[in-house]
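I wanted to go through this model one spot at a time and jot down what turned up. Here are my notes, starting with a helix.

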Amino acid sequence: MRPFARHMDIALSEARAAAARGEVPVGAVLLGPDGTELARAGNRTRELSDPTAHAEILVLRAACATARSERLPGAVLYVTLEPCAMCAAAIAAARVARVVYGAADPKSGGVAHGARVFAQPQSHHAPEVVDGIGAVEAEALLKTFFAARRP
């Protein structure tokens, strides 16, 4: 199994769990510099009544709390959907080393689309970005989720 695929499978599992809870199916897993898992989560915006409870934010919060630091140098984030501008800004602030994402998000993405947060001069850190890993399955989860909710 390709190295990126193994960790994206964890993120996809979190996305499926989010969908089962009625949340938009986005999942994430954060690894430390040594490859150990620091946190995993799926979206919980509805469950927590919190518009910031995106999978990326939840894993950053959990890992930062454990590390007792606002920064996570050397960390690698796997997420099933291109992070939005809010999440991209948080990723930059946490100094995550690499972001690996599945599906592109032309409508709300903040990395390769829209705000392109990491490319802005105001971004104090720009992680390495790897896209398209697990994209087919991530896109299918999202399309199925929204098709069931939109006539």
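**Notebook: a helix, the core, a glutamate**

Reminder to self: this is a predicted model.

I started with helix H4, residues 85-93, and looked up its buried residues: Cys87, Ala88, Ile91 and Ala92. They sit on the same side of H4, because the arc they cover around the axis is only 140°. That fits the textbook: an α-helix has 3.6 residues a turn, so residues three or four places apart point the same way. Next I checked what covers the buried residues of H4, and found helix H3 (55-67), strand E3 (76-81) and strand E4 (98-103) among the elements that do. Just after H4 comes Arg95, and I noted its positive phi, near 60°.

Then I turned to the largest nonpolar core, which has 43 residues; Leu30, Leu72 and Phe118 touch the most other members. Elements giving two or more residues to this core are H1, E1, strand E2 (37-42), H3, E3, H4, E4 and helix H5 (135-147). H3 gives the largest share, six residues. I followed up on Leu72: beyond four places in sequence, Leu72 touches Leu30, Leu60, Ala63, Cys64, Ala67, Ala94, Arg95 and Val96.

Last stop was Glu23, in the loop between helix H1 (3-20) and strand E1 (27-31). What is the nearest side chain of opposite charge to Glu23? I got Arg21, 5.2 Å away; Glu23 is buried yet has no salt bridge. I then looked at backbone nitrogens: that of Glu47 lies 2.7 Å from a polar atom of the Glu23 side chain, and for the nitrogen of Thr45 I have 3.1 Å to such an atom. Beyond four places in sequence, the contacts of Glu23 also include Ala18, Asn43 and Phe145.

Terms used:
Residues numbered from 1 in each chain as written. Predicted model: local features only at pLDDT ≥ 70, side-chain atom pairs only at ≥ 80, totals over all residues. Heavy atoms only, no water. Helix = DSSP H or I, 4+ residues; strand = E, 2+ residues; numbered from the N terminus. Buried < 20%, exposed > 50% of the residue type's maximum accessible area, 1.4 Å probe, protein only. Lys, Arg positive; Asp, Glu negative; His and termini not counted. Salt bridge = Lys/Arg side-chain N within 4 Å of Asp/Glu carboxyl O. Polar contact = N/O pair within 3.5 Å; in protein donor to acceptor, adjacent residues only side chain to side chain. Contact = heavy atoms within 4.5 Å. Arc of directions from axis to C-beta. Core = buried A, V, L, I, M, F, W, Y, C linked by side-chain atoms within 4.5 Å.
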